[in-house]
Amino acid sequence: MKRGFIYGLIVLFIVISGFDGHDGKDDELRRIVGEYGQAYVYVPINSVGSLELLSIGFSISNADDKRVEICVSPLTLESFVALGYDYEISQPVVSKSVVSAETLEEAMMWKSYPTYRQYLDIVELLASDYPDICKVDTIGSSINGRKVLALKISDNAGDDENEPEVFYTSTMHGDELGGYVLMLRLAEYLLNNYGTDADVDRLVNSLEIYINPLANPDGTYYRGDTITTPIRYNANSYDLNRNFPLLDGTNSRTMQIETEEMMAFMKSRKFMLSANFHAGVEVVNYPWDIWTIRHADDDWFYNISRQYADTAHAYSLSSYMTYRDNGVTNGHDWYEVEGGRQDYITYFLGGRETTIELDNTKQTPASELDSLWIRNRKSLLDYLGNALYGVVGEVTDSVAGTPLGARVFVLNHDKDSSHVYSDTLTGTYRRMLAPGSYEIQFSSEGYTDKSMTVDLSQWQLINLDVPLVPIGYVPEPEPEPEPESPYSDELELNDLLTVFPNPGTPGTGLKVYIPTGLRGRISLSFYNIAGAKILGYQKTVEEESVMDINAGNLPSGIYLLVVVNETTGQSAVTRIMIID
């Protein structure tokens, strides 16, 4: 059933029903949404006709076998009320634990939240303190004109190198705060430890790392430049993680400027690996969110998600990230998300993204930010390292040697847009895969397809360069190889074999200089211009290099003298003239 049609049924039901069975609660919900910009409600799972239908019109933030958590915005308030669900309101509390830093120095101790102005200063300070390995990129601006920024960290940050590009982004939902500070601290950690930490050096030298700490500044700083009552949505009350195109290319919601600019940025960078960070539960969630079917690289996705969660377990003093499958879940197995970013990146951009929920508490208390960092630091570093393994190489024209844009398709494996492409400018491709044996087909218009088999182990990088042959190209035959000579240059012997006097006269003896390369047991033969042998000698020449030859019987004419070493077969030829 088409998404637009399903959504239409919901709207039709709302209009027809006009249900209003709990006026008091509904009025309280309206009051909270009006005052705080949103409200979280819990709907018992047994009162929900279809979780799929609910996910189309509303922003589900969590679901289990007992209840569904929905964030109601000014845009969806009346639609939700009209559905007539039984629900419980989560009363908003202005959290005093979300402490804002008073100074920039305090903010960079990472035990409080920065003001918006401090955030901008931190980003600029990191770039100015480490200009060789850090620069600031502007992704765009929010509805209210706040900047959406990214820090690029790489060994040559000012250059666009042919290295894997990876992307971390946080707080698309403006009230999910812990990842915001975590990303700033990660950036500082990479910069501070470059040159002294081997793990950091490997990442910074081999990757181009982009970190976007705050994807929804209007939601986080809803009341101003200090975080007080942040909201999930952007300034237009849209959930940015429900705002991307569906996998059929449509979008039932008005695309927001933050989404458009983020899409343009990601298309320009072609990130092969990314993660977006949230809060509300503690779990690593991987595609697909919209489909029940599994991604072709489901094993690979599970492995990197399992690695993140298990590493976090090892650095946690208490139970942490144990939700669902001990901290890991397939997206649709949890609940369906329509218009999510990880599906968009994975399907349309050829990248691989997960959604990492960092904390059961959406607004992580300032006092717990340090613990959040300790639990996740190693996982954050190791996750980036996944981009360094798999099959990589260059696809080129076999004749011209120029780079080619080609489809890289794993036979009997790839499906649903899981294949990747080589870069049209460099010919470079990168394909992350779980351990196994794969047959990879390389295709480019105007060229003959080529398939190659690889056997990939865990944490292995295989370099596989692939030249493609133009269709119809016929290579020139290889020339026959010349027989090898024990001497460096036979032509040199011809030049060195000398007869004098030349020209000679009939009845006059000749002297012949025998070069070193011919000395030993030799034969000397004189041939006339008709090719008939006229005269021949056999002789051993050792130290003496000049021989006296009695050629007195030769009449006037032109002759060839051929000297052959009878042991090695090496020979030389020179021309002699006899004139009256």
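**Entry 1. Conventions and the three-stranded sheet**

I took two strands as paired if DSSP finds at least two bridges between them. Strands (E, at least two residues) and helices (H or I, at least four) are DSSP runs, numbered from the N terminus. The model is predicted, and I noted that local features need pLDDT of at least 70, side-chain atom pairs count only at pLDDT 80 or more, and totals for chains, interfaces and linings use all residues. Residues are numbered from 1 along each chain as its sequence is written, and side-chain values use heavy atoms, with hydrogens and water left out.

I first looked up an open sheet of 3 strands, which has the order β21-β22-β25 and antiparallel pairing. The edges are held by β21 (498–500) and β25 (546–549); each has a single partner strand, so one side of each is left without a neighbour in the sheet. I recorded that neighbouring strands of this sheet are turned by 25 degrees against each other on average, direction ignored; the axes are lines fitted to C-alpha atoms, for helices over the stretch in contact, and angles run from 0 to 180 degrees between N-to-C directions. Between β21 and β22 (residues 510–513) I found 3 bridges, with the strands antiparallel. Valine 499 has valine 512 in β22 as its bridge partner.

**Entry 2. β5, β6 and β8**

I next followed strand β6 (residues 147–153), where 6 of the 7 residues are buried. I used these classes: buried is under 20% relative accessible area, exposed over 50%, and partly exposed in between (1.4 Å probe, protein chains only). Strand β5 (residues 134–141) runs antiparallel to β6 and is joined to β6 by 7 bridges. Cysteine 134 stands opposite isoleucine 153. The two strands form a hairpin with 5 residues between them, and glycine 145 in the turn has a positive phi of about 85 degrees. I also traced β6 to strand β8 (residues 208–212), to which 3 bridges join it in the antiparallel sense. Leucine 151 of β6 is opposite isoleucine 211 in β8.

**Entry 3. Salt bridges**

I looked up salt bridges, each defined by a side-chain nitrogen of Lys or Arg within 4 Å of a carboxyl oxygen of Asp or Glu. The structure holds 25 of them.

One of them joins the side chains of arginine 146 and aspartate 225 at 3.8 Å, N to O. Arginine 146 lies in the loop between β5 and β6, and aspartate 225 in the loop between α9 (217–220) and α10 (257–269), so the pair ties together parts that are 79 residues apart in sequence. Arginine 146 is buried at 13% relative accessibility, whereas aspartate 225 is partly exposed at 41%.

A salt bridge between lysine 152 and glutamate 208 spans 3.4 Å, N to O. This pair links strand β6, which holds lysine 152, to strand β8, which holds glutamate 208, over 56 residues. I noted lysine 152 as buried at 3% relative accessible area, and glutamate 208 as buried at 0%.

Lysine 362 and glutamate 176 also meet, at 3.4 Å, N to O. Lysine 362 is in the loop between β12 (353–358) and α15 (369–385), and glutamate 176 in the loop between β7 (165–170) and α7 (178–193), 186 residues apart. Both lysine 362 and glutamate 176 are buried. I found Glu176, Arg232, Asp239 and Lys362 joined into one network by salt bridges that share partners.

**Entry 4. β26, β27 and a nonpolar patch**

I then examined strand β26 (residues 557–565), which pairs with β27 in the antiparallel sense over 8 bridges. Leucine 560 has arginine 575 in β27 as its bridge partner. The hairpin of β26 and β27 has 5 residues between the strands, and glycine 569 takes a positive phi near 80 degrees.

Which side chains of β27 are buried, and which are not? Ala572, Thr574, Ile576 and Ile578 point to one face and are buried, while Ser571, Val573, Arg575 and Met577 point to the other and are not. Methionine 577 lies in β27 (residues 571–578) and counts as partly exposed at 30% relative accessibility. With Ile529, Ile558 and Ile579, Met577 makes a nonpolar surface patch of about 370 Å². Patches are made of residues with over 30% relative accessible area and no salt bridge; like charges are joined within 9 Å, and nonpolar side chains (Val, Leu, Ile, Met, Phe, Trp, Tyr) within 5 Å. Accessible areas come from the Shrake-Rupley method with a 1.4 Å probe, and for residues only the protein chains shown count as cover.
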